[in-house]
Every structure is written in structure tokens, then in C-alpha cells.
Amino acid sequence: MTIAAAKQRYSFAEYVELEAISPVRHEFLGGHVWAISGGSPDHAAIAVNVSSLLRVAVRGGACRVFSSDLRIRVLETGLGTYPDVSVVCGPLELDPADPRGHTLTNPVLVVEVLSPSTEDYDRGDKLAAYKRIPSLREVVLVAYDERRLEIWRRVGSIWTTVIVRGDAVAQLESVGCELPLGEVYARA
């Protein structure tokens, strides 16, 4: 006997309520909700290294660094997601559709540490959605299998790509800081 899975669509408000009681985080798009998994120890270490470097770089300024516990929403596409690291400069803009006030819409920088199971999605649909955030100036994709950062940068209305490899130092213009790859990948 085959049991068909129930198909259900959620409003964003219903999704927010689900997230508030769920022990597992989910992404949201187009009324669909799906669970997201945790990362490997190396994935987690790289995310902490990046967030630590960013935190030190922006300390005392107008920018704030957030962990993957903060939900970001792309208002134009409806995507609700949890980037590994995000940075907001200036006032926080809360998603009006989130009555709990736990969703921001105005990051200037988003960092995704890639993994074998998410790389295609992170490089494809998710990156395309991120590029539709008006405030966003850079997206950093951090490779898991080599020392390599792929920096997508908005210059006017055009997105350009910079690849940084090995022991080089990446320049993040959105927050005015450097990411030495040796420190990004330290102990990972």
C-alpha cells in the first residue's frame, strides 16, 4: 500500500508560526515549506570563522553581523531563508508579513558556505533570489572542497564575480573589510 504525502501550501504568516514552534528550521518559497539540514563540523567552523572576522571588522560602526539563526526574506520572490552569515548596515528593516519581527529584508552582505547537498541550489535559484534584494551589495559563496571564495558584487545594476583562491585576501566592499582565506579556512 502506498501512502501519498499530504500536499499543503502555507502563507508566509503561517510559515512564521510554524518556525516559532518547530525544532527544525525550514525555508519558504511560493507557499511551500521544506526542512533544511545542519552542516558538517567544517561547514560550521568556516561559518564561525567568517562571522568572527566580519564582527571584528565592523565593530563600532553602523553594521551588524548575524548568524544563521536570523531569517532573511526576499520580498520580490517571497523566499524566506537562513543564510550562514548576513550583515545589515543601518536600521533593521523588518518584514511586515512577520508579526513576530524575526525576519529582516535589508542585508548588504550574505554569506553561504557551500556543501555537496546544497551547492547547486545556493549557486542557482537561491543566488538569483538574493540578487533581487535591493539593499544587497555582495554575496559570498564559500567553497567546501578548496580554499576559494566566489564574491558576487553589485556594481550599479550589474552583478560581477570575483574569485579569490589559496592564501589570498578577499576584499569585501559592502562592509569595507578583508577576509584572509587562511583565517576563513583555519582549522576547517
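**Reading a hairpin, a sheet and a disulfide**

In this predicted model, Gly 176 takes a positive phi near 60° in the hairpin of strand 12 and strand 13, which has four residues between the strands.

Me: How do strand 12 and strand 13 run, and how many bridges join them?

Reply: Strand 12 (residues 169–172) and strand 13 (residues 177–180) run antiparallel and are joined by four bridges; within this pairing, Val 169 has Pro 180 as its bridge partner.

Me: What is the order of the strands in the open sheet, and which are the edge strands?

Reply: In a regular strand, side chains alternate between the two faces of the sheet. Here the six strands of the open sheet follow the order 3-6-8-9-10-11, with mixed pairing, and the edges are strand 3 (63–66) and strand 11 (158–165), each of which pairs on one side only. Helix 2 (residues 41–58) packs on this sheet, touching strand 3, strand 6 (85–89), strand 8 (109–113) and strand 9, and its direction makes about 160° with that of strand 8.

Me: Which cysteines does the disulfide join, and why is Cys 177 not bonded to Cys 63?

Reply: A disulfide is a covalent bond between the sulfur atoms of two cysteines. The one disulfide in this structure joins Cys 63 to Cys 89, with an S to S distance of 1.9 Å. Because Cys 63 lies in strand 3 and Cys 89 in strand 6, the pair ties together parts that are 26 residues apart in sequence. The sulfur of Cys 177 has its closest cysteine sulfur in Cys 63, at 9.2 Å, which is too far for a bond.

Me: Is Cys 177 buried or exposed?

Reply: Cys 177 is buried, with a relative accessible area of 7%; Cys 63 also counts as buried, at 16%, whereas Cys 89 is partly exposed, at 24%.

How values were computed:
Residues numbered from 1 in each chain as written. Predicted model: local features only at pLDDT ≥ 70, side-chain atom pairs only at ≥ 80, totals over all residues. Heavy atoms only, no water. Pairing = 2+ DSSP bridges. Helix = DSSP H or I, 4+ residues; strand = E, 2+ residues; numbered from the N terminus. Contact = heavy atoms within 4.5 Å. Axes fitted to C-alpha atoms, helices over the stretch in contact; angles between N-to-C directions. Disulfide = S-S within 2.5 Å. Buried < 20%, exposed > 50% of the residue type's maximum accessible area, 1.4 Å probe, protein only.
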